[in-house]
Amino acid sequence: MTSRWTPSSWRTKTVAQPVQYPSQEALSDVTKQLVSLPGLVTPYEIQSLRRQLRDVAQGKAFLLQAGDCAELFADCTPAKIEEKVKLQLLMSLIIIWGSRLPVVRVGRIAGQYAKPRSKPTETVVSERDGSTKQVPSFRGDNVNGFSQDDRIPDPRRLLSAYFYSAATLNHIRASLASGLADLHAPLSWTTAHVRSPTLAARFEAIVSNLTDALDFMRVVGAEQSQSVLRNLETVDYFSSHEGLMLEFEEALTRSSSISSSSISSSKSSSNTDNNKNNNKASNHHPVHTGTASTEYYALSAHTLWMGDRTRDPNGAHAEFFSGIANPIGIKVGPSMTSQELLDLLAKVDGSRGLDVGRITLICRFGRGKAPSLLGHLIAAVQASPWATSVIWCCDPMHGNTTSSPSDPRIKTRSFSDIITELKEQLEVHSSCGSRLAGVHLELTGEVDEKGDSVTECTGGAMSLEDGDLKARYRTHCDPRLNLEQSLDVSFLLSHALKA
Ligand code: PEP
Ligand code: MN
């Protein structure tokens, strides 16, 4: 007999990757303040994402979830936020252009501040004399600081995380409302920093074709339709992070009686274009037609995912995720067995009536492993009640992390391993009569003062080598694809998803 879910019922279970705070009192002071603050997103926006993810699950749209491994509070600047959003816009334009599928854009942004770690301590080198020492691992800005002298967990950082997330979301919303994603001006999403002439030329060809198409639509008057115009002028952009810090998530989980079923059906019946949506336009309010049932929403982000290290079906994280109405992701690593996956699906979705698109399975095995591991999992899901409701997504990053041969302290990833895993997962799906419906990437459009991109993953259009890594290695956690490598992946997807 399972006991009733509440936002705090996870407290009765074992918490993986716990944070040991020096003072529980200081932690509860912080959570009390969080409880009284407004949510960072609204249940209505969450339902809007749910609706769009339903299209993804049904093969009518593609999911692009991407961003930093670990966001830093210091990254909350207008330039850095815009760089991130613009890169995802560029990528989605490329994917849409080739695949003719709408793209649902979800950023690892506005809250991706906590990290699970494989070891509780790490070795750091003194800049002064080169000596080494062990310090508690950096767990992300909302736990401790990156500076080696600032590794004691401080609960006040959770409050800072809330306000940095709010500022980031505010800037994203304001930028989109001010035309950042206006398709009439895609050239202003400049490719000036794209160092590969081939990539820049391929993107400019798309923009030139798009400009022609828009011109044609203007001439024939198609743009006069308000809904067409709205879709050309802006897009939806959703936030996500790993739902690791359950005290934080609990404090921002609120009940709401927005009517999910009535909104979903009224929208999906009248709306075949998944971009025709509403959290951007004030004249598009939810249509409440049915009886509203009360549901709990985690209002820290539109969607949360469960990490590969915290996905125990009997653990605290699965308990928390089972009760929220948000769409959720589950990282699926090489150790996941078919039975464990089915147990987890039963735990987090068993009582929810199989909402199509609520669960995204984010598979991250590592190059060479999908052919032997993924087929079993797909077959198990195909034979289960979740056969047509999950979204299969590929994270080609996390199974492909290696150490630099010249400096084992530097984590890197090879672009060719990333592409190989992505192609392998695409192939396994097609041989199983299934469909890869999304990708989950760590990337950044960040460039330095000279306009050069980061050097964290080797290979790609600029043929980065191990010796190049130190030039502009900026990540504070896992290595990210840079601007050129991200565009390369988009062209590959754009081609692979062509009908
Ligand atoms: C991550 O997405 O940054 C991460 C830690 O992933 P995983 O849980 O798949 O290792
Ligand atoms: Mn990572």
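The following legends describe close-up views of a predicted model.

**View 1. Surroundings of R108 in strand β2****.**
R108 is one of the residues that UniProt lists under "binding site", in an unreviewed entry. R108 belongs to strand β2, which covers residues 103-108. There are 24 other C-beta atoms within 10 Å of that of R108, so the residue counts as buried; the cut-off for this class is 20 or more. Leaving out residues up to four places away in sequence, R108 touches Q65, A66, G67 and D68, and also S240 and H241.

**View 2. Surroundings of R364 in the loop between β10 and α11****.**
The "binding site" listing in the unreviewed UniProt entry also includes R364, along with K331. R364 is placed in the loop that runs between β10 (359-363) and α11 (370-382). R364 is buried because 24 other C-beta atoms lie within 10 Å. K331 is among the residues that R364 touches, when those up to four places away in sequence are not counted. V332 and G333 are also touched by R364, as is D308. The remaining contacts of R364 are D395, M397, H398 and G399.

**View 3. Packing of helix α3 against helix α4****.**
Helix α3 spans residues 78-99 and helix α4 spans residues 156-177. Their axes are 10 Å apart and the helices pack at an angle of about 60°. The two helices are therefore oblique to each other, and their crossing is right-handed. On the α3 side the contact is made by P78, I81, E82 and V85, and on the α4 side by T168, H171, I172 and S175. By class, these residues divide into 4 nonpolar, 3 polar and 1 charged.

**View 4. H171 in helix α4****.**
H171 is located in helix α4 and takes part in the contact of that helix with α3. Not counting residues up to four places away in sequence, H171 touches P78 and I81. H171 has 19 C-beta neighbours inside 10 Å and so counts as partly exposed; a residue is buried at 20 or more. K369 lies 198 residues from H171 in sequence, and the C-alpha atoms of the two are 40 Å apart in space.

**View 5. Packing of helix α10 against helix α11****.**
Helix α10 comprises residues 338-349, and its axis comes within 9 Å of that of α11. The axes cross at roughly 40°, and the helices are therefore oblique to each other. The crossing of α10 and α11 is right-handed. Residues S338, L341 and L342 of α10 meet H376, L377 and A380 of α11 in this contact. The contact has 4 nonpolar and 2 polar residues, and no charged residues.

**View 6. Y296 in strand β7****.**
Strand β7 covers residues 295-298 and contains Y296. The C-alpha atom of Y296 is separated by 4.2 Å from that of S255, although the two residues are 41 residues apart along the chain. With neighbours within four places in sequence left aside, Y296 is in contact with T253 and S255, with G323, I324 and A325, and with P7. Y296 is partly exposed because 18 other C-beta atoms lie within 10 Å.

**View 7. L232 in helix α6****.**
Helix α6 consists of residues 226-233, and L232 is found there. L232 has 17 other C-beta atoms within 10 Å and is therefore partly exposed. Its contacts, apart from neighbours within four places in sequence, are L183 and H184. S23 and L232 are 209 residues apart along the chain, with their C-alpha atoms separated by 51 Å.

**View 8. Positive phi at R100** **and S463****.**
R100 is not a glycine but has a positive phi of about 55°. R100 is placed in the loop between α3 and β2. Its C-beta neighbours inside 10 Å number 11, so R100 counts as exposed. S463, also a residue other than glycine, has a positive phi near 45°. The loop holding S463 runs between β15 (457-458) and α13 (483-496). S463 is exposed because its count of other C-beta atoms within 10 Å is 10; the exposed class holds residues with 12 or fewer.

How values were computed. Residues are numbered from 1 along each chain as its sequence is written. Chains are lettered from A and ligands numbered from 1 in the order in which they are written. This is a predicted model: local features need pLDDT of at least 70, side-chain atom pairs count only at pLDDT 80 or more; totals for chains, interfaces and linings use all residues. UniProt positions are given in the numbering used here, feature names are shortened, and annotations may be inferred rather than shown by experiment. Helices (H or I, at least four residues) and strands (E, at least two) are DSSP runs, numbered from the N terminus. Two residues are in contact if their C-beta atoms, placed from the backbone, lie within 7 Å. Axes are lines fitted to C-alpha atoms, for helices over the stretch in contact, and angles run from 0 to 180 degrees between N-to-C directions. Angles under 35 degrees count as roughly parallel, over 145 as roughly antiparallel, 65 to 115 as roughly perpendicular and the rest as oblique. A crossing is left-handed if the near helix is turned anticlockwise from the far one by less than a right angle, and right-handed if clockwise. Ala, Val, Leu, Ile, Met, Phe, Trp, Tyr, Cys and Pro count as nonpolar, Asp, Glu, Lys and Arg as charged, and the others, Gly among them, as polar.
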